[in-house]
Amino acid sequence: MRSKYLILPFLVIVLASSVFAYGRVLEVTLKIVKDDYVSLEDLKTKIGFAGEYEKGNYTVTASYDSKSSESFKFTPKFEINVFEGGIHKRIGTNVIRQILYLPYDDGLSVLEVTNDGEIAGIFPVRDLLCNEDSICGGNETFISCPLDCESHSADGVCMAIKDNECDPDCSFERDSDCKKEIKETKQSDPLLKIYFVIIALILGFIIYLSVHLFVRRK
Ligand SMILES: [Ca+2]
Ligand SMILES: [Ca+2]
């Protein structure tokens, strides 16, 4: 009976991880003009869940240096939310912004978008993901560019790694190194030491005075 209860959460985890792949993810923001071109608005690597892209008239093909390419299919909805006359409505539009969460792997060089088999945009992404100039900036993160970015770089991605450095992108709860940093700054605060000495002196003086008065009364 007990083993049944132990197996259940395990099965849920296996099922969830097969539906939503958790790991290194490429967040791709595309501007799509209906029946026309596609442009690349933003690109960022992070840790998270990749989406499911198996059906649709649009295809994103990710080409790698070392391995065969991978394709992801989706159908953009040319609609936007509007608030009109006190109600929320969805109306048709010709331009939309589509965000895709693709599984990310090292060596990604080109993203190509096709609409019904016709090329709508080709984007060389290698230098965007890592330009190897020893500066962590632009679209680079520790995930796509460990050469330029450090695990604790301010790159918009929280890497909760124990490396004795607080990642400014993490909350204090997520990166245990940040908690330690707070503790250390508290300990080394010179003002805190002065307050402590003053309080100790006042307490000492009160005790001295009390003892002195007590002895005199006797
Ligand atoms: Ca760089
Ligand atoms: Ca970071």
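**Exercises on a predicted model**

L30 stands opposite Q98 in β7. The model is predicted: local features need pLDDT of at least 70, side-chain atom pairs count only at pLDDT 80 or more, and totals for chains, interfaces and linings use all residues. Residues are numbered from 1 along each chain as its sequence is written, with chains lettered from A and ligands numbered from 1 in the order in which they are written.

**Exercise 1.** State how many bridges join β1 to β7, and place both strands in their sheet.

*Solution.*
- Step 1. Strands (E, at least two residues) and helices (H or I, at least four) are DSSP runs, numbered from the N terminus.
- Step 2. Strand β1 covers residues 22–33 and runs antiparallel to β7, with 9 bridges between them. Pairing requires that DSSP finds at least two bridges.
- Step 3. The open sheet has 3 strands in the order β2-β1-β7, paired antiparallel.
- Step 4. β2 (38–49) and β7 (95–103) are the edge strands, each pairing on one side only.

**Exercise 2.** Determine whether F142 is buried or exposed, and list its contacts.

*Solution.*
- Step 1. F142 lies in the loop between α2 (126–129) and α3 (176–187).
- Step 2. A residue is buried if 20 or more other C-beta atoms, placed from the backbone, lie within 10 Å of its own, exposed if 12 or fewer, and partly exposed in between. F142 is buried because 24 other C-beta atoms lie within 10 Å.
- Step 3. Contact means C-beta atoms, placed from the backbone, within 7 Å. Not counting residues up to four places away in sequence, F142 touches C149, E150, S151, S153, D155, V157 and M159.
- Step 4. F142 and V157 are 15 residues apart in sequence, and their C-alpha atoms are 7.8 Å apart.

Technical notes
Two residues are in contact if their C-beta atoms, placed from the backbone, lie within 7 Å.
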